[in-house]
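Colleague: I would like to go through the aromatic contacts with you. Please justify each label as we go.

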Amino acid sequence: MVTLDELKATLDTFSPAKVEFVARVMESLANPPSADIRSKGTWLTSEPDWIEYFGLALSVHHGATTEPLGLSSFETVFRNACEHVQWSVSPPGSMTQRFVDLSVQPGSRRRRRLSLKSTAAKNMSKTSLHISKLT
């Protein structure tokens, strides 16, 4: 774990461009999306640390680019959030693997096979993310 003093010392060595980039990421982290969970009690929404990590990862992505989060990036963010809370996650599958993008076992609960989608659905916006049918 990096200490605050070590972090400050590293920042002192950064070029102006690096400082500006870090400042942008920090601004994103300081203003992460808030979770407005509509479906209480699901296996995914029951873990606040998962929700926080996922939101922070989305914040960093959108703080660094205006591009939408594509499917492989979305899967990586989802997978990293699961690993952060120490859920068992299958290794990344083949790009040709159909219907199942990953398997996750949240703690002692049953393993779930997930098909993740990241699309510009008509009900998505810059201020919302909809995750559904994760049973």
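Modeller: What follows is a short exchange on ring pairs, burial and a charge over a ring. Keep in mind that the model is predicted.

Colleague: How many aromatic pairs are there?

Modeller: The count comes to six aromatic pairs.

Colleague: Why is the pair of W50 and F78 called edge-to-face?

Modeller: The ring centres of W50 and F78 are 5.1 Å apart, and a pair needs centres within 6.5 Å. Their planes stand at 70°. The cut-off for edge-to-face is over 60 degrees, so W50 and F78 earn that label.

Colleague: What makes this pair a tie between parts of the chain?

Modeller: W50 belongs to helix α3 (residues 48–64) and F78 to helix α4 (residues 71–84). The pair therefore ties together parts that are 28 residues apart in sequence.

Colleague: How do you know whether W50 and F78 are buried or exposed?

Modeller: Buried means under 20% relative accessible area. W50 has 3%, so W50 is buried. F78 has 0%, so F78 is buried.

Colleague: Why is the pair of F54 and F74 edge-to-face?

Modeller: Their ring centres lie 5.8 Å apart, with planes at 90°, so the pair is edge-to-face. F54 sits in helix α3 and F74 in helix α4, so this pair ties together parts 20 residues apart in sequence. Both F54 and F74 are buried.

Colleague: Which residues do ring pairs link into a cluster?

Modeller: W50, F54, F74 and F78.

Colleague: What makes you say that the charged end of K18 sits over the ring of F14?

Modeller: The charged end of K18 is 5.3 Å from the centre of the F14 ring. The distance cut-off is within 6 Å. K18 does sit over that ring.

Key
Residues are numbered from 1 along each chain as its sequence is written. This is a predicted model: local features need pLDDT of at least 70, side-chain atom pairs count only at pLDDT 80 or more; totals for chains, interfaces and linings use all residues. Side-chain values use heavy atoms; hydrogens and water are left out. Rings of Phe, Tyr and Trp (its six-membered ring) pair if their centres lie within 6.5 Å; planes under 30 degrees apart count as stacked, over 60 as edge-to-face and the rest as tilted. Helices (H or I, at least four residues) and strands (E, at least two) are DSSP runs, numbered from the N terminus. Buried means under 20% relative accessible area, exposed over 50%, partly exposed in between (1.4 Å probe, protein chains only). A charge sits over a ring if NZ of Lys or CZ of Arg is within 6 Å of the ring centre and within 35 degrees of the ring normal.
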